[in-house]
Amino acid sequence: MTLAARTTRISVSPTMKVAADAMKLKAQGVDIVDFGAGEPDFPTPPHVSAAAHRAIDANFTKYTANSGTDDLKRAIVERHRTDNGVEYSTSEVIVSAGGKQALYNSVLALFGAGDEVITHMPGWPTLVEQIKLADATPVIVRTHVEDGFRLTADTLLSAVTPRTRGIIINSPSNPTGALMSEDDMETVARETARRGIWVLLDLCYDRLVYDPVPHNIIGVLARHNRDRGVLCGSASKAYAMTGWRCGWAVGPAALVSACNAIQSHSTSNVCSISQRAAEAALRGPQDCVTEMLDEYRRRRDRLYEWLSADSRIGLLKPSGAFYMFPDVSEFLSPDGIRTSAELATALLNDARVAVTPGEAFDAPGYLRISYATSMQELERGSQRILEYLASRSAARAASI
């Protein structure tokens with residue numbers, strides 16, 4: 001069967017594959033500790049679910065405007081005003097089926113053949129694949145463990161060429177949890193404004209920052225490159241609403257109009273009930289976000305403590321999101337488990353722990369461990385990992 005050429009340039013999301021493999025084994029009754037999930041384990045906050053029930057009871061079940069309800073768009077504008085000190089109008093907002101579609105619409109509207117778009121690795125693989133789907137060329141810059149995987153202005157701007165059309169930044173980063181500083185964001189915003197380059201922010205984890213450090217990169221971008229700045233957000237991670245599929249893009253009205261046209265010929269509006277739920281999330285009490293963040297912090301610290309029992313595991317405490325990204329290269333060898341992808345497969349098949357290999361994020365030698373699960377499961381899973389790694393090391397030593 002001959003398929004379109006674009007299908008040869010992309011592959012299935014590796015993070016979603018890990019989830020599918022784990023779900024398949026669970027369905028067979030296998031006791032899997034799942035550290036692969038990129039979604040909160042918490043229930044959606046009760047006041048959010050209640051708003052959805054009210055929408056159903058009121059028969060709010062028809063099409064809405066393609067770009068989203070005015071009420072939800074106003075709630076998005078108000079949230080940005082309160083949290084980030086920025087002003088936008090509802091004509092500069094489009095509601096999409098999650099942050100992923102918000103990014104994809106924007107990429108399709110902005111980039112095309114001959115354009116270069118800079119993004120960073122280790123990072124979320126979808127960003128690179130979306131650039132390819134737009135027929136543009138991804139330009140990858142790398143962050144490094146010695147710098148805590150921190151993304152800097154120098155790193156990004158050194159990759160700019162006359163063909164550079166845009167830069168896509170994810171902070172806090174999936175999978176490293178690293179933050180881009182406001183100073184670096186300001187440098188990037190000022191320089192891209194001068195050169196006429198677009199900056200897209202993937203803000204999926206923006207509400208999940210652990211320490212009281214300045215991280216209003218939204219405000220910085222809006223102040224210094226508002227005309228070519230795009231804010232792609234989502235209700236998924238902050239409000240435990242991954243299945244509701246509700247995100248948004250905020251940016252110049254002309255871009256939002258183009259995204260609206262693209263969306264009108266693909267998915268049309270986001271589910272009407274999800275929109276009412278997202279509005280309640282944004283306008284309602286925000287204590288739920290803080291409570292989840294506090295619990296993620298406790299889990300991060302305990303997981304770090306447990307995995308530190310084996311000094312061969314290279315660890316950094318993430319500053320945001322909910323992933324640990326350990327260096328496991330000490331456990332790889334040419335005559336045994338050669339890659340972190342093979343190690344992830346072995347952990348799933350032999351230790352019954354699902355993790356995502358670093359190869360998924362263009363970072364071989366690492367594993368991504370999601371701690372969006374209970375403390376009990378974290379302890380159980382980390383113990384299984386430690387025992388498996390110890391047994392492999394013992395077997396290897398005995399064979400020498």
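Trainee: Where in the fold does Pro 175 lie?

Mentor: In this predicted model, look at the loop between strand 5 and helix 7; Pro 175 lies there.

Trainee: And which residue does a cis peptide bond join to Pro 175?

Mentor: The partner is Asn 174, and omega for that bond is about 25°. When you read such a bond, check omega, then place the residue in the fold.

Trainee: Which residue comes before Pro 172 in the peptide bond that is cis?

Mentor: Ser 171 does, and the omega of the bond from Ser 171 to Pro 172 is near -5°. Pro 172 sits in the loop that runs between strand 5 (164-170) and helix 7 (182-195).

Trainee: Let's turn to phi. What is the phi of Arg 245?

Mentor: Phi is near 55° for Arg 245, a positive value in a residue that is not glycine. You will find Arg 245 in the loop between strand 7 (229-234) and strand 8 (247-250).

Trainee: How should I read the relative accessible area of Arg 245?

Mentor: Compare the percentage with two cut-offs: buried means under 20%, exposed means over 50%, and partly exposed is in between. Arg 245 has a relative accessible area of 34%, so Arg 245 is partly exposed.

Trainee: Now Arg 352, please. What is its phi, and where does Arg 352 lie?

Mentor: Arg 352 also belongs to a residue type other than glycine, and its phi is positive, near 60°. The loop between helix 12 (340-351) and strand 10 (353-354) holds Arg 352.

Trainee: Why does Arg 352 count as partly exposed?

Mentor: Because its relative accessibility is 29%, Arg 352 falls between the two cut-offs.

How values were computed:
Residues are numbered from 1 along each chain as its sequence is written. This is a predicted model: local features need pLDDT of at least 70, side-chain atom pairs count only at pLDDT 80 or more; totals for chains, interfaces and linings use all residues. Side-chain values use heavy atoms; hydrogens and water are left out. Helices (H or I, at least four residues) and strands (E, at least two) are DSSP runs, numbered from the N terminus. Buried means under 20% relative accessible area, exposed over 50%, partly exposed in between (1.4 Å probe, protein chains only).
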